[in-house]
Structures are given as C-alpha cells and as structure tokens.
Amino acid sequence: NEETIKKRLKTFMDATLPVVEHYENKGNLHRIAAESSIDEVWAKVQAIFETSDEPAAAVVDNTAALELLKTKKILFVIGGPGCGKGTQCERLIEKYGYTHLSSGDLLRAEVESGSERGQSLNEMMVKGELVPQDTVLTLLKEAMLDKVDQSNGYLIDGYPREVQQGVEFESQIAECSVVLYFDVSDETMTSRLLHRAETSGRVDD
C-alpha cells in the first residue's frame, strides 16, 4: 500500500544517499537519470558498461574460490524500489553473460525457504525495515562463491544499502569496479510500485 511504499522510500533515501556520496568520492559511481524509457536508460547503461572493462581488484584470500574472484568484474547496482534497475540488469545479463545477484531476491528466497532466519526477515520486510548488514553480506557471499567457477562477473543489484555494507563487502570479498546509481524521483517510484503491487504479491510493495 502507499503508506508502506512511502516508508520504504524514506528508509531507502536516508540510508542510500550516504552510499552515493561515498562512491562518488571514490570516483567509480555513475549517476543515471532513469525517468525516461527503458531503451533510453539502457543506452546510458550500456555506454558506461562498455567503458569499464577492467576486472576489479580483489582482497587476497587463501581459499581457492575467493582467489578466483580476483579475475571477476563486480558491479554494484543501486537505486530505489521501482527505479528500473532490475530491468536494466536483465539486459546486461543477456548481452554480457554476467551473474545477476539481487539482494532482494536472495532475501525473498530465504523468506520462502521457511527457515527461522527467513521468518525473521519476513517480519522486517513487512515493516519496511532494513535487514542487518551481516545477513545480506552472508547471502551474497554464498551466492557469489556458488557461481564463481561459471561466471564472467557479477551484477549485484540493490547493494550496498548502507556505506558500511559496501565497506564490509570490499574488505571481506572484493572491491567493485563500477557503481551504477539509478536516479528516479519518489513520485515516479511510488507510481511504479503501486502498479507493480497489483500483480506482484510481494509483501514489500
């Protein structure tokens, strides 16, 4: 409902604007105006992606799987709920064959598993609260390592949600090479989410 959506957007903006500033200061964030059509946004994304073809530097680790991550390119993809980042990730996957990891999808899969952790996550998502950093990082790390021997690289959708999440990710796993930020107004995101809620059945819409 609209009240839940407004709370989600406020939570997102409060937590994510510092993330945007953090990566802008590092010099690897690209702000994408995403109010326009899917094809117009795609043209902007593709232009950025094709100029960023060097693999990311990775943290040295003794395990073979984490060592293999040194050869992989990692992109963080951030933006508010309903900004369209999932659609753009689908196009990048189709063209470049990267592995798409959505923190939201991983969280929902955990909820659907019926585990004790999933039940706790469901309560947080219904309330519009952010999930603890350690939980999200653990789910991402497990998913990345599961695909490390097959993947050309990773698109990490909806992460980091807070500066500390990004810091911990880059400390424990690897540094990202590019951050894509989809910039969309609250009004547009609210409209898109209300439309999506009519068919998605998601508790967070």
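**α5 against α7**

I started with α5 and α7 in this predicted model. Their axes come within 10 Å and cross at roughly 100°. That angle falls between 65 and 115 degrees, so I put the two helices down as roughly perpendicular to each other. Next I looked up who touches whom. From α5 I noted Ser103, Leu106, Leu107 and Glu110; they meet Val136, Leu139, Leu140 and Ala143 in α7. I sorted this contact by class and got 6 nonpolar, 1 polar and 1 charged residues.

**α5 against α6**

I stayed with α5, which spans residues 103–112, and turned to α6. Here the axes come within 7 Å, and the crossing angle is roughly 120°. That makes α5 oblique to α6. I logged the crossing as left-handed. On the α5 side the contact is made by Leu107, Arg108, Glu110 and Val111. On the α6 side I found Arg117, Gly118, Leu121, Asn122 and Met125. The class count for α5 with α6 is 4 nonpolar, 2 polar and 3 charged residues. Leu107 and Glu110 were already in my notes, from the contact with α7.

**α2 against α4**

My next pair was α2 (residues 38–49) and α4 (residues 85–96). They pack at an angle of about 55°, and their axes are 10 Å apart. I therefore wrote them down as oblique to each other. The crossing of α2 past α4 is right-handed. α2 brings Ile38, Asp39, Val41, Trp42, Val45, Gln46 and Phe49 to the contact. α4 answers with Thr87, Gln88, Arg91, Leu92, Lys95 and Tyr96. By class I noted 7 nonpolar, 3 polar and 3 charged residues.

**The cores**

In soluble globular proteins, nonpolar side chains tend to be buried together. I went looking for such groups here. The largest nonpolar core has 32 residues. Ile74, Phe76, Met144, Ile156 and Phe169 have the most contacts inside this core. I then asked which elements each supply at least two of its residues. They are α1 (2–26), β2 (73–79), α6 (116–127), α7 (133–147), β4 (153–157) and β5 (178–183). α7 gives the largest share, 6 residues.

I picked out Met144 for a closer look. Setting aside neighbours within four places in sequence, I found Met144 in contact with Leu69, Ile74, Leu101, Tyr154, Ile156, Phe169 and Ile173. I also found a second, separate core, with 22 residues. Ile5, Trp42, Cys89 and Leu155 are among them. Trp42 was familiar: I had listed it in the α2 contact with α4.

**Leu68**

Is Leu68 buried, exposed or partly exposed? I looked it up: its relative accessibility is 32%, so Leu68 counts as partly exposed. Leu68 lies in α3, residues 64–68. Leaving out neighbours within four places in sequence, Leu68 is in contact with Val148 and Asp149. I also took a distance to Leu145. The two are 77 residues apart in sequence, and their C-alpha atoms are 9.2 Å apart.

**The whole chain**

Last, I stepped back. I counted 9 helices and 5 strands in the chain. Along the sequence they follow the pattern α-β-α-α-β-α-β-α-α-α-β-α-β-α. The chain has 205 residues, and 44% of them count as buried. I also checked contacts with a separation of 6 or more: 78% of those in the chain join residues 24 or more positions apart.

Key:
Residues are numbered from 1 along each chain as its sequence is written. This is a predicted model: local features need pLDDT of at least 70, side-chain atom pairs count only at pLDDT 80 or more; totals for chains, interfaces and linings use all residues. Side-chain values use heavy atoms; hydrogens and water are left out. A nonpolar core is a set of buried Ala, Val, Leu, Ile, Met, Phe, Trp, Tyr and Cys residues joined through side-chain atoms within 4.5 Å. Buried means under 20% relative accessible area, exposed over 50%, partly exposed in between (1.4 Å probe, protein chains only). Helices (H or I, at least four residues) and strands (E, at least two) are DSSP runs, numbered from the N terminus. Contact means heavy atoms within 4.5 Å. Axes are lines fitted to C-alpha atoms, for helices over the stretch in contact, and angles run from 0 to 180 degrees between N-to-C directions. Angles under 35 degrees count as roughly parallel, over 145 as roughly antiparallel, 65 to 115 as roughly perpendicular and the rest as oblique. A crossing is left-handed if the near helix is turned anticlockwise from the far one by less than a right angle, and right-handed if clockwise. Ala, Val, Leu, Ile, Met, Phe, Trp, Tyr, Cys and Pro count as nonpolar, Asp, Glu, Lys and Arg as charged, and the others, Gly among them, as polar.
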